[in-house]
Amino acid sequence: MSIRFDLTDLRLFLHVAEAASITQGASRTNMALASASERIRTMEDALGVPLLVRKRRGVHLTPAGSALERHARIVMQQLEEMRGELNNFAKGLRCHVHVLANTVAMVEFLPPALAVFLSAHANIDVDLEERQSGEIIRAIAEGHADIGIVAEPINPAEELETFPFAEERLVLITPRRHVLNSHREIAFHEVLDHEFVGLAPSSALQRTLNHHAARAGRRLKLRVRLNSFDSIARLVESGIGLAVLPESAARRCQQSMAIRIIRLTDAWAPRHFTVCVRKFRSLPPQAKWLLEYLTRHPPTPE
(Lines give C-alpha, C1' and ligand atoms only; values in the text may rest on other atoms or scores of the structure.)
Protein backbone atom coordinates (compact mmCIF):
# COMPACT_ATOMS: atom_id res chain seq x y z
CA MET A 1 0.00 0.00 0.00
CA SER A 2 1.45 3.35 -1.08
CA ILE A 3 0.45 6.30 1.09
CA ARG A 4 1.40 9.78 -0.07
CA PHE A 5 -0.09 12.44 2.19
CA ASP A 6 1.32 15.93 1.96
CA LEU A 7 1.29 18.52 4.75
CA THR A 8 -1.81 20.19 3.30
CA ASP A 9 -3.67 16.86 3.59
CA LEU A 10 -2.65 16.45 7.22
CA ARG A 11 -3.43 20.05 8.12
CA LEU A 12 -6.85 19.78 6.45
CA PHE A 13 -7.64 16.54 8.26
CA LEU A 14 -6.73 18.03 11.65
CA HIS A 15 -8.99 21.02 11.00
CA VAL A 16 -11.85 18.73 9.97
CA ALA A 17 -11.33 16.56 13.05
CA GLU A 18 -11.28 19.59 15.37
CA ALA A 19 -14.39 21.16 13.82
CA ALA A 20 -16.22 17.83 13.27
CA SER A 21 -17.15 19.32 9.91
CA ILE A 22 -15.65 19.09 6.44
CA THR A 23 -17.13 22.49 5.57
CA GLN A 24 -15.54 24.24 8.56
CA GLY A 25 -12.30 22.31 8.15
CA ALA A 26 -12.07 23.43 4.53
CA SER A 27 -12.73 27.04 5.57
CA ARG A 28 -9.97 26.94 8.24
CA THR A 29 -7.56 25.56 5.63
CA ASN A 30 -8.58 28.26 3.10
CA MET A 31 -9.77 25.60 0.69
CA ALA A 32 -12.93 25.13 -1.37
CA LEU A 33 -15.34 22.53 0.01
CA ALA A 34 -15.17 20.43 -3.16
CA SER A 35 -11.36 20.36 -3.04
CA ALA A 36 -11.36 19.44 0.65
CA SER A 37 -13.84 16.62 0.12
CA GLU A 38 -11.82 15.27 -2.80
CA ARG A 39 -8.59 15.31 -0.76
CA ILE A 40 -10.19 13.36 2.08
CA ARG A 41 -11.69 10.81 -0.34
CA THR A 42 -8.23 10.40 -1.91
CA MET A 43 -6.71 9.78 1.54
CA GLU A 44 -9.38 7.16 2.29
CA ASP A 45 -8.80 5.47 -1.06
CA ALA A 46 -5.05 5.37 -0.40
CA LEU A 47 -5.56 3.79 3.00
CA GLY A 48 -8.36 1.51 1.95
CA VAL A 49 -10.46 2.40 5.03
CA PRO A 50 -12.90 5.21 5.84
CA LEU A 51 -11.52 8.00 8.01
CA LEU A 52 -14.80 9.81 8.69
CA VAL A 53 -18.39 8.86 9.32
CA ARG A 54 -20.40 11.46 7.43
CA LYS A 55 -23.69 12.58 8.97
CA ARG A 56 -26.21 15.27 8.14
CA ARG A 57 -24.76 17.56 10.83
CA GLY A 58 -21.07 17.01 10.52
CA VAL A 59 -18.64 14.11 10.75
CA HIS A 60 -16.89 12.06 13.38
CA LEU A 61 -13.71 10.00 13.23
CA THR A 62 -13.54 6.28 12.61
CA PRO A 63 -10.86 4.29 14.55
CA ALA A 64 -8.59 4.71 11.53
CA GLY A 65 -9.37 8.45 11.51
CA SER A 66 -8.45 8.72 15.20
CA ALA A 67 -5.12 6.99 14.52
CA LEU A 68 -4.42 9.33 11.61
CA GLU A 69 -5.29 12.36 13.75
CA ARG A 70 -2.82 11.27 16.43
CA HIS A 71 0.02 10.74 13.97
CA ALA A 72 -0.79 13.93 12.09
CA ARG A 73 -0.47 15.93 15.30
CA ILE A 74 2.94 14.39 15.97
CA VAL A 75 4.09 15.22 12.44
CA MET A 76 2.87 18.81 12.67
CA GLN A 77 4.48 19.27 16.10
CA GLN A 78 7.80 17.97 14.81
CA LEU A 79 7.50 20.24 11.82
CA GLU A 80 7.03 23.27 14.08
CA GLU A 81 10.02 22.24 16.20
CA MET A 82 12.13 21.84 13.07
CA ARG A 83 10.99 25.22 11.76
CA GLY A 84 11.81 26.89 15.07
CA GLU A 85 15.25 25.35 15.30
CA LEU A 86 16.14 26.23 11.72
CA ASN A 87 14.83 29.76 12.22
CA ASN A 88 17.19 30.10 15.16
CA PHE A 89 20.08 29.26 12.87
CA ALA A 90 18.85 31.63 10.18
CA LYS A 91 18.49 34.50 12.66
CA GLY A 92 21.76 33.76 14.42
CA LEU A 93 19.91 33.02 17.65
CA ARG A 94 21.36 30.87 20.39
CA CYS A 95 20.61 27.19 20.89
CA HIS A 96 20.78 25.51 24.29
CA VAL A 97 22.29 22.23 25.46
CA HIS A 98 21.18 21.02 28.91
CA VAL A 99 23.99 19.26 30.79
CA LEU A 100 23.83 17.62 34.23
CA ALA A 101 27.07 16.89 36.10
CA ASN A 102 28.25 16.04 39.57
CA THR A 103 30.46 18.40 41.57
CA VAL A 104 33.86 17.19 40.41
CA ALA A 105 32.93 17.13 36.73
CA MET A 106 31.28 20.54 37.01
CA VAL A 107 34.17 22.24 38.84
CA GLU A 108 37.26 20.39 37.61
CA PHE A 109 36.57 18.88 34.19
CA LEU A 110 34.02 21.00 32.37
CA PRO A 111 35.29 24.61 32.67
CA PRO A 112 38.38 24.18 30.45
CA ALA A 113 36.48 21.99 27.98
CA LEU A 114 33.55 24.40 27.76
CA ALA A 115 35.88 27.38 27.35
CA VAL A 116 37.21 25.91 24.11
CA PHE A 117 33.88 24.53 22.86
CA LEU A 118 31.85 27.68 23.50
CA SER A 119 34.52 29.87 21.95
CA ALA A 120 34.21 27.81 18.77
CA HIS A 121 30.37 27.81 18.82
CA ALA A 122 29.18 31.34 19.45
CA ASN A 123 25.48 30.47 18.96
CA ILE A 124 25.37 27.66 21.52
CA ASP A 125 24.68 28.14 25.23
CA VAL A 126 25.12 25.39 27.81
CA ASP A 127 22.68 25.10 30.73
CA LEU A 128 24.92 23.38 33.29
CA GLU A 129 23.29 22.00 36.42
CA GLU A 130 24.84 20.16 39.36
CA ARG A 131 23.21 16.92 40.52
CA GLN A 132 24.21 13.68 42.22
CA SER A 133 25.06 10.84 39.87
CA GLY A 134 21.93 8.81 40.67
CA GLU A 135 19.70 11.81 40.00
CA ILE A 136 21.51 12.50 36.73
CA ILE A 137 20.98 8.95 35.50
CA ARG A 138 17.26 9.13 36.23
CA ALA A 139 16.91 12.56 34.60
CA ILE A 140 18.68 11.47 31.41
CA ALA A 141 16.62 8.25 31.23
CA GLU A 142 13.42 10.32 31.54
CA GLY A 143 14.51 12.81 28.87
CA HIS A 144 14.86 15.84 31.18
CA ALA A 145 18.35 16.79 29.94
CA ASP A 146 20.57 16.18 26.92
CA ILE A 147 23.88 15.03 28.45
CA GLY A 148 24.86 13.69 31.86
CA ILE A 149 28.28 13.17 33.47
CA VAL A 150 28.26 10.69 36.34
CA ALA A 151 30.72 8.95 38.66
CA GLU A 152 28.88 5.73 39.36
CA PRO A 153 28.04 2.61 37.32
CA ILE A 154 24.96 2.83 35.12
CA ASN A 155 22.52 -0.06 35.28
CA PRO A 156 22.05 -1.55 31.77
CA ALA A 157 18.31 -1.58 32.52
CA GLU A 158 18.34 2.22 32.16
CA GLU A 159 19.10 1.69 28.44
CA LEU A 160 21.37 4.71 28.23
CA GLU A 161 24.24 5.12 25.78
CA THR A 162 27.51 5.70 27.66
CA PHE A 163 30.97 6.99 26.80
CA PRO A 164 34.08 6.81 29.07
CA PHE A 165 35.24 10.26 30.09
CA ALA A 166 37.74 10.58 32.97
CA GLU A 167 39.39 8.97 35.99
CA GLU A 168 39.69 10.74 39.35
CA ARG A 169 40.27 9.91 43.02
CA LEU A 170 39.02 11.54 46.20
CA VAL A 171 41.73 12.29 48.74
CA LEU A 172 41.98 13.76 52.21
CA ILE A 173 43.84 17.03 52.64
CA THR A 174 45.31 18.22 55.95
CA PRO A 175 47.38 21.18 57.13
CA ARG A 176 51.14 20.72 56.76
CA ARG A 177 51.36 19.97 60.48
CA HIS A 178 48.68 17.61 61.67
CA VAL A 179 48.41 14.48 63.79
CA LEU A 180 47.33 12.43 60.76
CA ASN A 181 50.34 13.32 58.65
CA SER A 182 52.17 10.13 59.59
CA HIS A 183 49.69 8.33 57.33
CA ARG A 184 50.21 7.92 53.59
CA GLU A 185 46.72 6.48 53.22
CA ILE A 186 43.72 6.14 55.51
CA ALA A 187 40.07 5.04 55.53
CA PHE A 188 37.37 7.70 55.64
CA HIS A 189 35.77 6.34 58.83
CA GLU A 190 39.11 6.76 60.67
CA VAL A 191 39.08 10.55 60.26
CA LEU A 192 35.50 11.29 61.30
CA ASP A 193 36.51 12.39 64.81
CA HIS A 194 38.18 15.44 63.25
CA GLU A 195 36.55 18.69 62.13
CA PHE A 196 36.02 19.37 58.43
CA VAL A 197 35.69 22.17 55.94
CA GLY A 198 32.97 21.29 53.44
CA LEU A 199 30.90 22.33 50.47
CA ALA A 200 27.35 23.69 50.38
CA PRO A 201 24.61 21.24 51.45
CA SER A 202 23.30 21.10 47.87
CA SER A 203 26.69 20.03 46.50
CA ALA A 204 26.64 16.53 45.02
CA LEU A 205 30.10 15.77 46.45
CA GLN A 206 29.12 16.97 49.92
CA ARG A 207 26.00 14.84 49.86
CA THR A 208 28.14 11.85 48.86
CA LEU A 209 30.48 12.44 51.81
CA ASN A 210 27.55 12.87 54.18
CA HIS A 211 26.15 9.56 52.91
CA HIS A 212 29.39 7.65 53.58
CA ALA A 213 29.76 9.23 57.01
CA ALA A 214 26.20 8.13 57.84
CA ARG A 215 26.98 4.60 56.64
CA ALA A 216 29.80 4.57 59.18
CA GLY A 217 27.30 5.62 61.86
CA ARG A 218 28.79 9.10 62.12
CA ARG A 219 28.12 12.68 61.08
CA LEU A 220 30.64 15.07 59.58
CA LYS A 221 31.69 17.85 61.94
CA LEU A 222 31.58 20.77 59.54
CA ARG A 223 32.96 24.06 60.81
CA VAL A 224 32.25 26.01 57.63
CA ARG A 225 30.96 25.47 54.11
CA LEU A 226 32.48 27.08 51.02
CA ASN A 227 31.77 27.02 47.30
CA SER A 228 35.15 26.26 45.74
CA PHE A 229 37.91 23.71 46.19
CA ASP A 230 40.57 26.43 46.34
CA SER A 231 38.84 28.29 49.18
CA ILE A 232 38.36 25.03 51.08
CA ALA A 233 42.06 24.21 50.73
CA ARG A 234 42.96 27.69 51.97
CA LEU A 235 41.04 27.12 55.20
CA VAL A 236 42.54 23.66 55.60
CA GLU A 237 45.97 25.26 55.27
CA SER A 238 44.99 27.61 58.11
CA GLY A 239 44.17 24.67 60.38
CA ILE A 240 40.39 25.14 60.43
CA GLY A 241 39.69 21.51 59.55
CA LEU A 242 40.25 18.64 57.12
CA ALA A 243 38.62 18.24 53.71
CA VAL A 244 38.00 15.66 51.02
CA LEU A 245 38.75 16.89 47.49
CA PRO A 246 39.37 15.38 44.07
CA GLU A 247 43.08 14.64 43.75
CA SER A 248 43.51 16.94 40.73
CA ALA A 249 42.21 19.91 42.74
CA ALA A 250 44.25 18.93 45.81
CA ARG A 251 47.50 18.74 43.81
CA ARG A 252 46.79 22.06 42.13
CA CYS A 253 46.23 23.70 45.52
CA GLN A 254 49.33 22.03 46.96
CA GLN A 255 51.48 23.98 44.52
CA SER A 256 50.68 27.24 46.34
CA MET A 257 49.46 26.13 49.78
CA ALA A 258 50.96 24.32 52.74
CA ILE A 259 48.70 21.26 52.69
CA ARG A 260 49.33 17.54 52.65
CA ILE A 261 47.49 14.89 50.61
CA ILE A 262 46.54 11.52 52.09
CA ARG A 263 45.00 8.82 49.91
CA LEU A 264 41.65 7.42 50.96
CA THR A 265 41.54 3.60 50.89
CA ASP A 266 37.75 3.35 50.53
CA ALA A 267 36.37 1.50 47.52
CA TRP A 268 34.36 4.60 46.53
CA ALA A 269 37.39 6.92 46.51
CA PRO A 270 38.52 6.07 42.95
CA ARG A 271 35.94 7.52 40.58
CA HIS A 272 35.28 6.58 36.96
CA PHE A 273 33.42 9.31 35.11
CA THR A 274 31.06 8.47 32.28
CA VAL A 275 29.13 10.62 29.84
CA CYS A 276 25.61 9.32 29.29
CA VAL A 277 22.77 10.19 26.93
CA ARG A 278 19.41 8.66 26.23
CA LYS A 279 20.07 8.08 22.52
CA PHE A 280 22.88 9.75 20.60
CA ARG A 281 20.97 9.75 17.31
CA SER A 282 18.01 11.56 18.93
CA LEU A 283 20.09 14.41 20.37
CA PRO A 284 19.82 17.90 18.88
CA PRO A 285 22.80 18.66 16.62
CA GLN A 286 24.32 21.06 19.17
CA ALA A 287 24.25 18.40 21.89
CA LYS A 288 25.90 15.91 19.54
CA TRP A 289 28.68 18.39 18.83
CA LEU A 290 29.30 18.94 22.54
CA LEU A 291 29.24 15.21 23.30
CA GLU A 292 31.69 14.51 20.49
CA TYR A 293 34.00 17.25 21.74
CA LEU A 294 33.95 15.97 25.34
CA THR A 295 34.68 12.38 24.37
CA ARG A 296 37.45 13.36 21.97
CA HIS A 297 39.10 15.71 24.48
CA PRO A 298 38.82 13.98 27.89
CA PRO A 299 40.41 15.73 30.86
CA THR A 300 43.96 14.69 31.71
CA PRO A 301 45.33 14.43 35.26
CA GLU A 302 47.54 17.29 36.35
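**Overall dimensions.** I looked up the radius of gyration and noted 29 Å for the protein, whereas a compact globule of 302 residues would have a value near 19 Å. I was working with a predicted model, and I kept that in mind for every entry below. Along the principal axes, I found that the C-alpha trace spans about 95 × 40 × 30 Å.

**Secondary structure and contacts.** I counted ten helices and twelve strands in the protein. For contacts with a separation of 6 or more, I noted that residues 24 or more positions apart account for 72% of them.

**Surface and burial.** I recorded an accessible surface of about 16500 Å², and 49% of this surface belongs to carbon and sulfur atoms. Of the 302 residues, I found that buried ones make up 43%.

**Nonpolar cores.** I then asked which members of the largest nonpolar core touch the most other members. They are Leu-172, Ile-173 and Phe-188, in a core that holds 61 residues. Helix α5, which runs over residues 103-120, contributes the largest share of this core with seven residues. I also noted a second, separate core of 18 residues, with Leu-10, Val-16, Met-31 and Leu-52 among them.

I followed Ile-173 further and, leaving aside its neighbours within four places in sequence, listed its contacts as Ala-233, Val-236, Leu-242, Ala-243, Leu-245, Ala-250, Ile-259, Arg-260 and Ile-261.

**Cysteines.** I searched the whole structure for disulfides and found zero. I checked two cysteines for burial, with the cut-off for buried at under 20% relative accessible area. Cys-95 has 8% relative accessibility and therefore counts as buried, and Cys-276, at 0% relative accessibility, also counts as buried.

**Positive phi values.** I looked at two residues with positive phi, beginning with Ala-20, where phi is about 55 degrees although the residue is not a glycine. I located Ala-20 in the loop between α1 (7-19) and α2 (22-28). Is Ala-20 buried, partly exposed or exposed? Its relative accessibility is 34%, so I entered Ala-20 as partly exposed.

Asn-30 was the other entry, and I noted a positive phi near 60 degrees for this residue, which is likewise not a glycine. I placed Asn-30 in the loop between α2 and α3, the latter helix covering residues 33-47. Because the relative accessibility of Asn-30 is 74%, I entered this residue as exposed, the cut-off for exposed being over 50%.

Definitions and conventions:
Residues numbered from 1 in each chain as written. Predicted model: local features only at pLDDT ≥ 70, side-chain atom pairs only at ≥ 80, totals over all residues. Heavy atoms only, no water. Core = buried A, V, L, I, M, F, W, Y, C linked by side-chain atoms within 4.5 Å. Buried < 20%, exposed > 50% of the residue type's maximum accessible area, 1.4 Å probe, protein only. Helix = DSSP H or I, 4+ residues; strand = E, 2+ residues; numbered from the N terminus. Contact = heavy atoms within 4.5 Å. Disulfide = S-S within 2.5 Å. Rg over C-alpha atoms; globule rule 2.2 N^0.38 Å. Areas by Shrake-Rupley, 256 points an atom, 1.4 Å probe, with all protein chains shown as cover.
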